[in-house]
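User: Please take a close look at one part of this model, the largest pocket. Then connect it to the elements around it.

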Amino acid sequence: MKIAIVGATGNVGQRLCAEALSRGHEVTAIARKESDVPGSVKFVKADVLDDDAEKALSGHDAVIYSLRFNGFDFDKAIAAFRASDAPRLLIVGGAASLNAEPGGPALIDTPGFPEEVKTEAEPARQVLNRLKTEGASDWTFLSPSIMIGPGERTGKFRLGKDEVLKDAEGNSRISYEDFAVAMIDEVETPRHQGERFTVGY
């Protein structure tokens with residue numbers, strides 16, 4: 001498949017590139033600078049907020065946005081995707097909009113949620129809510145567990161929908177590497193079109 005990744009040089013983006021390449025996909029990194037893009041990845045200089053951004057996204061089977069939400073015009077970035085001929089958009093989301101427990105409040109709305117995290121978490125939730133209310137099915141939003149960081153690629157994890165996933169010790173975590181596995185799995189075999197899902201151990 002031909003996969004465009006916007007934000008390919010970030011912590012998650014690098015793992016997404018590596019995972020997709022390891023499966024034989026053709027990966028294009030959409031970025032403003034080529035300096036940090038791995039040599040095995042095709043580079044296209046573009047900004048998804050430019051008026052002609054859809055040209056860089058067109059011709060791909062899927063587009064992945066691995067971008068920060070705070071201070072970023074996600075509405076314009078989504079419009080650029082929809083102006084292209086790419087059929088699917090997959091978004092690296094955050095965990096704060098997940099329900100702390102079934103039927104309970106979102107993590108971001110629970111007592112003691114760090115105020116400094118809300119600056120990134122609230123815009124992410126707003127993007128997800130807008131996508132949900134549109135009724136379109138051309139998108140997928142993948143939320144990680146509460147803790148995400150460098151680790152192993154085990155390929156062994158659980159998938160959920162809107163509730164935080166926790167292991168037997170009550171920890172909610174996933175490695176960048178296994179997050180990437182779950183995302184590329186979704187690219188290859190769509191199971192969550194028009195909805196959010198989550199991944200954790």
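Analyst: Helix α4 gives the most to the lining of the largest pocket: five residues. This is a predicted model, where local features need pLDDT of at least 70, side-chain atom pairs count only at pLDDT 80 or more, and totals for chains, interfaces and linings use all residues. Residues are numbered from 1 along each chain as its sequence is written, and side-chain values use heavy atoms, leaving out hydrogens and water.

The space in this pocket is about 1200 Å³. A pocket is an open set of points on a 1 Å grid where a 1.4 Å probe fits, with protein on both sides within 12 Å along at least five of seven lines. Its volume is the space filled by probe spheres set on the points. The lining has 42 residues, and those closest to the centre are Ser66, Leu67, Arg68, Phe69 and Glu120. α4 spans residues 115-134. α1, β2 and α5 also supply at least two lining residues each. (Helices are DSSP runs of H or I with at least four residues, strands are E runs with at least two; lining residues have an atom within 4 Å of a point.)

Take α1, residues 11-22. Its buried residues (under 20% relative accessible area, 1.4 Å probe, protein chains only) are Val12, Gly13, Arg15, Leu16, Cys17, Glu19 and Ala20. They pack against five strands and a helix, namely β1, β2, β4, β5, β7 and α5. Contact means heavy atoms within 4.5 Å. Just past α1, glycine 24 has a positive phi of about 90 degrees.

Now α5, residues 176-188. This helix is mostly covered, with 11 of its 13 residues buried. Among them are Tyr176, Phe179, Met183 and Ile184. Charged names appear too: Glu177, Asp178 and Glu186 are buried. α5 lies across β1, β4, β5, β6, β8 and β10.

β2, which helps line the pocket, belongs to an open sheet of eight strands. The order is β3-β2-β1-β4-β5-β6-β10-β8, with mixed pairing. β3 (42-45) and β8 (158-160) are the edge strands, each pairing on one side only. Two strands pair if DSSP finds at least two bridges between them. β1 and β4 pair in the parallel sense, over four bridges. There, valine 6 has tyrosine 65 of β4 as its bridge partner. Helix α3 (residues 74-83) packs on the sheet too, touching β4, β5 and β6.

Technical notes
Expected span 1.5 Å × (residues − 1). Buried < 20%, exposed > 50% of the residue type's maximum accessible area, 1.4 Å probe, protein only. Axes fitted to C-alpha atoms, helices over the stretch in contact; angles between N-to-C directions.
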